[in-house]
Amino acid sequence: MNIRAWIFDLGNTLMSIPSEFDEESCLQAILGYGDSEQVRSIIYRLCDLYPGQTIEEFLRRFDIVVNPNGDTNIRSMIISAWNKSIESAQLKNGVWQILDELRAAGMKLGLVSNTPPTSQQILDRLKLRERFDVIVFSCEVGYLKPDPRIFEIALKRLKVDPQNAIVVGDKIRTDILGGAILGMKSVLVEERLRCVIENGQNYVDAIIPNLIDLKNTSLYRNILK
């Protein structure tokens, strides 16, 4: 096995946002929606329709959709919710150590995430941007995981074949399945170590409760030999 690259998910893999500041839940409450899925669907639809938009363009379009009457109080609360989610983002334990050790071992590093443009500010806040060779966001390219095309873009930019890459994420249906379709190895970060069977198949090569435990997997240890 000639592993040359590791591709990581962002949310709930490398970083997390406390539940009280989760933008989808907070926006749901502000807008009076029945559930946060309504907010998520609007976010992803805007990202799909306008790939490559700036943070300012995204927030303006989001406000137009959810606040059609242009209520300034609602607009202020919407902006505040987004800002608080960005400001409260925190790294998972061991992130820098893991990334720096992989880099020192000669690995290329990629970041692939289903996320709006606002996550660009999270990358800068947490000083993650400089640790990756390639960063591919769904809002940039117009594809959502598990669509294999978003992984293909990252792999092409890394100049690495799928069989020579490992994907690390916290969701089977998006992070793991999307990479497995192309033949990538995979590590699932699952705090409760639940069953990893999806559609009657096991797509996971390793399962760990926390990112720092990646160091205990054979996939990681073999890289550092």
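# Notebook: exposed loops, cores and spaces

**Entry 1. Lys 159.** I began with Lys 159, which counts as exposed at 67% relative accessibility. The model I am reading is a predicted one. I located Lys 159 in the loop between α8 and β6 (165–169). I then looked up its backbone and found phi near 60°, a positive value in a residue other than glycine.

**Entry 2. Asn 12.** I looked for another positive phi outside glycine and noted Asn 12, where the angle is near 65°. Asn 12 sits in the loop between β1 (5–8) and β2 (15–16). I recorded Asn 12 as partly exposed, because its relative accessible area of 40% falls between the limits of 20% for buried and 50% for exposed.

**Entry 3. The largest pocket.** Asn 12 led me to the largest pocket, as it is among the lining residues nearest the centre, together with Gly 11, Glu 24, Asn 114 and Lys 171. The lining comprises 27 residues, and I noted a pocket volume of about 660 Å³. I asked which elements give two or more residues to this lining. They are α1 (23–31), α2 (36–49), α4 (72–88), α6 (119–125) and α9 (172–180). By residue class, I entered ten polar, nine charged and eight nonpolar residues for the lining of the largest pocket.

**Entry 4. Ser 36.** I next examined Ser 36, which lies in helix α2. Is Ser 36 buried or exposed? I entered it as buried, because its relative accessible area is 18% and the limit for buried is under 20%. Beyond residues up to four places away in sequence, Ser 36 touches Glu 24, Ser 25 and Gln 28. Of these contacts, I had already listed Glu 24 among the residues nearest the centre of the largest pocket.

**Entry 5. The largest cavity.** I searched for enclosed space and found one cavity of 30 Å³ or more. The largest cavity holds about 30 Å³ of space. I listed its lining as Tyr 44, Cys 47, Asp 48, Ser 138, Gly 142, Tyr 143 and Leu 144. Helix α2 gives the largest share of this lining, with three residues. The lining of the cavity divides into four nonpolar, two polar and one charged.

**Entry 6. A cis peptide bond.** I recorded that the peptide bond from Lys 145 to Pro 146 is cis, with omega near 15°. Pro 146 is placed in the loop between α7 (138–141) and α8 (148–158).

**Entry 7. Nonpolar cores.** I turned to the packing of nonpolar residues. In soluble globular proteins, nonpolar side chains tend to be buried together. The largest nonpolar core here has 50 residues, and those touching the most other members are Trp 6, Phe 8, Phe 62, Leu 102, Leu 111 and Phe 132. A second, separate core of 15 residues includes Ala 5, Val 136, Phe 151 and Ala 154. I then asked what Phe 62 is in contact with, leaving aside neighbours within four places in sequence. I listed Leu 27, Val 39, Ile 42, Ile 43, Leu 46, Ile 78 and Trp 82.

**Entry 8. Strand β5.** Val 136, noted above in the second core, belongs to strand β5 (residues 134–137), and both faces of this strand are covered. Val 134 and Val 136 are buried on one side, and Ile 135 and Phe 137 are buried on the other. I found β5 paired with β4 in the parallel sense over four bridges. I traced Leu 111 to its bridge partner in β5, which is Ile 135.

**Entry 9. Asn 67.** I placed Asn 67 in the loop between α3 (55–66) and α4. Despite this loop position, I entered Asn 67 as buried, with a relative accessible area of 5%. Beyond residues up to four places away in sequence, Asn 67 touches Ile 74, Arg 75 and Ile 78. I had already listed Ile 78 as a contact of Phe 62.

**Entry 10. Ala 105.** Finally, I looked up Ala 105, in the loop between α5 (95–104) and β4 (108–113). Ala 105 is partly exposed, with a relative accessible area of 32%. With residues up to four places away in sequence not counted, I found Ala 105 touching Ile 223 and Leu 224. I also took its separation from Glu 24, which is 38 Å in space, C-alpha to C-alpha, and 81 residues in sequence.

Notes
Residues numbered from 1 in each chain as written. Predicted model: local features only at pLDDT ≥ 70, side-chain atom pairs only at ≥ 80, totals over all residues. Heavy atoms only, no water. Core = buried A, V, L, I, M, F, W, Y, C linked by side-chain atoms within 4.5 Å. Buried < 20%, exposed > 50% of the residue type's maximum accessible area, 1.4 Å probe, protein only. Contact = heavy atoms within 4.5 Å. 1 Å grid on protein atoms, 1.4 Å probe; cavity = no way out; pocket = protein on both sides within 12 Å on 5 of 7 lines; lining within 4 Å. Points joined across faces, edges and corners; volume = space filled by probe spheres on them. Nonpolar A, V, L, I, M, F, W, Y, C, P; charged D, E, K, R; others polar. Pairing = 2+ DSSP bridges.
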